[in-house]
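Please go through this model and explain the labels attached to its residues, setting each value against the criterion behind it.

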Amino acid sequence: MTTTSKADRLQRLRDLHLKINEARKANHAQVVEEDRRKKLPSNWEARQARLKYEEEEEQFKAKCKAEGLDAERAKAMTTSAELVNRLEQQKRRKKPFGEQPAGFSSYSDASHRKYLKQAKQLKPDLKAYEKQKETLGDLAYPTANTIGLAGNEKDSRDAVERLAEYVKEQSEKRAPYSRRRAFDADADIDYINERNKRYNELLERHYGKYTAEIKQNLERGTAL
């Protein structure tokens with residue numbers, strides 16, 4: 001082994017050690033940074049982005065004020081029409097707090113909300129609609145004087161199956177809320193009216209297992 005080759009190997013070994021140390025330091029720095037991020041609140045990044053946005057807004061308003069410009073107008077000049085339309089749609093979809101439905105008010109309102117919900121879930125078959133318009137011709141746009149439209153159309157098998165499936169689904173949803181209680185003719189009558197009956201059933205459900213022995217002793221006449 002020559003002196004030159006030995007020196008080259010030692011140099012490569014030193015370089016390798018330096019790279020290992022650099023990798024170890026970089027790995028340690030990443031671990032420390034990850035641990036720091038984990039200790040931050042869950043909404044830290046959103047809060048920082050919000051603060052940055054507010055700071056930029058303040059700087060923009062100050063710049064416009066110094067130049068004698070209207071900040072809102074200047075901002076509108078730099079905002080794309082697509083973004084404006086998207087923000088307007090979000091505002092229309094989001095109702096103010098006072099306009100939010102406050103639970104049950106009347107059966108008509110509940111039916112109306114149910115109708116709106118079903119209408120949003122409706123997925124019309126546009127191809128079948130266009131085909132039906134071509135078949136009907138002028139009858140596709142009936143008026144008060146149109147004759148011969150009713151009774152000429154038949155629902156498709158798929159539409160009938162969808163309706164049947166929907167009715168079945170609604171029945172299954174209502175089933176848990178309209179469960180009929182079985183009447184036991186041999187049960188003891190320990191109530192004076194329906195309200196008292198419900199109250200006794202509530203007590204039995206919560207405390208029946210604790211008072212079963214006392215009740216049996218009272219019935220046998222062996223209670224102390």
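A: A helix here is a DSSP run of H or I covering at least four residues, and helices are numbered from the N terminus. Leu203 is found in one such run, helix α8. The model is predicted, and the values below should be read accordingly.

Q: How many helices and strands does the chain have, and what pattern does it follow along the sequence?
A: The chain has eight helices and zero strands, and reading along the sequence gives the pattern α-α-α-α-α-α-α-α. Strands would need DSSP runs of E with at least two residues, and the count for the chain is zero.

Q: Why does Leu203 count as partly exposed rather than buried?
A: Buried requires under 20% relative accessible area and exposed requires over 50%. Leu203 stands at 33%, which lies between these two limits, and it therefore counts as partly exposed.

Q: What makes the nonpolar surface patch of about 540 Å²?
A: The patch is made by Tyr199, Leu202, Leu203, Tyr207 and Tyr210. To belong to such a patch, a residue needs over 30% relative accessible area and no salt bridge, and nonpolar side chains are joined within 5 Å. Leu203, at 33%, meets the requirement on area.

Q: Why is Asn200 counted as buried?
A: The cut-off for buried is under 20%, and Asn200, which is found in helix α8, has 18% relative accessibility, so it falls on the buried side.

Q: How do you know that Asn200 has a polar contact with the backbone of Asp190?
A: A polar atom of the Asn200 side chain lies 2.7 Å from the backbone oxygen of Asp190, and this is inside the 3.5 Å limit for a pair of N or O atoms. The two residues are ten positions apart in sequence, with their C-alpha atoms 7.9 Å apart. Leaving aside residues up to four places away in sequence, Asn200 touches Asp190 and Tyr191.

Q: Why does Asn217 count as buried, and which side chain does the side chain of Asn217 contact?
A: Asn217 lies in helix α8, residues 194–220, and its 19% relative accessibility is under the 20% cut-off, so it counts as buried. Its side chain makes a polar contact with the side chain of Arg220 at 2.6 Å, a distance within the 3.5 Å allowed.

Q: What makes Thr211 partly exposed, and which backbone oxygen does its side chain reach?
A: Thr211, also found in helix α8, has a relative accessible area of 33%, between the limits of 20% and 50%, and is therefore partly exposed. The Thr211 side chain reaches the backbone oxygen of Tyr207 at 3.1 Å, again within the 3.5 Å limit for a polar contact.

Q: How many salt bridges does the structure hold, and why is the pair Glu33 and Arg36 called one?
A: The structure holds ten salt bridges. The criterion is a side-chain nitrogen of Lys or Arg within 4 Å of a carboxyl oxygen of Asp or Glu; the closest N and O atoms of Glu33 and Arg36 are 2.5 Å apart, so the pair qualifies. Both residues lie in helix α1 (residues 3–39), three residues apart, about one turn of the helix. Glu33 has a relative accessible area of 32% and Arg36 one of 42%, and each is partly exposed.

Q: How do you know that Glu34 and Lys38 form a salt bridge, and what is the exposure of Lys38?
A: Their closest N and O atoms are 3.8 Å apart, which is still within the 4 Å limit, and the two residues are four apart in helix α1, about one turn. Lys38 has 63% relative accessibility, over the 50% threshold, and therefore counts as exposed, whereas Glu34, at 39%, counts as partly exposed.

Q: Why are Glu169 and Lys173 called a salt bridge?
A: Their side chains meet at 3.7 Å, N to O, a distance within 4 Å. Both lie in helix α7 (residues 157–174), four residues apart, about one turn of the helix. Glu169, at 37%, and Lys173, at 48%, both fall in the partly exposed range.

Q: Which residues are linked in a network of salt bridges?
A: Glu194, Arg198 and Glu201 are linked in such a network.

Notes:
Residues are numbered from 1 along each chain as its sequence is written. This is a predicted model: local features need pLDDT of at least 70, side-chain atom pairs count only at pLDDT 80 or more; totals for chains, interfaces and linings use all residues. Side-chain values use heavy atoms; hydrogens and water are left out. Buried means under 20% relative accessible area, exposed over 50%, partly exposed in between (1.4 Å probe, protein chains only). A polar contact is a pair of N or O atoms within 3.5 Å; within protein, one must be able to donate a hydrogen and the other to accept it, and residues adjacent in sequence count only if both atoms are side-chain atoms. Contact means heavy atoms within 4.5 Å. Patches are made of residues with over 30% relative accessible area and no salt bridge: like charges are joined within 9 Å, nonpolar side chains (Val, Leu, Ile, Met, Phe, Trp, Tyr) within 5 Å. Accessible areas come from the Shrake-Rupley method with a 1.4 Å probe; for residues, only the protein chains shown count as cover.
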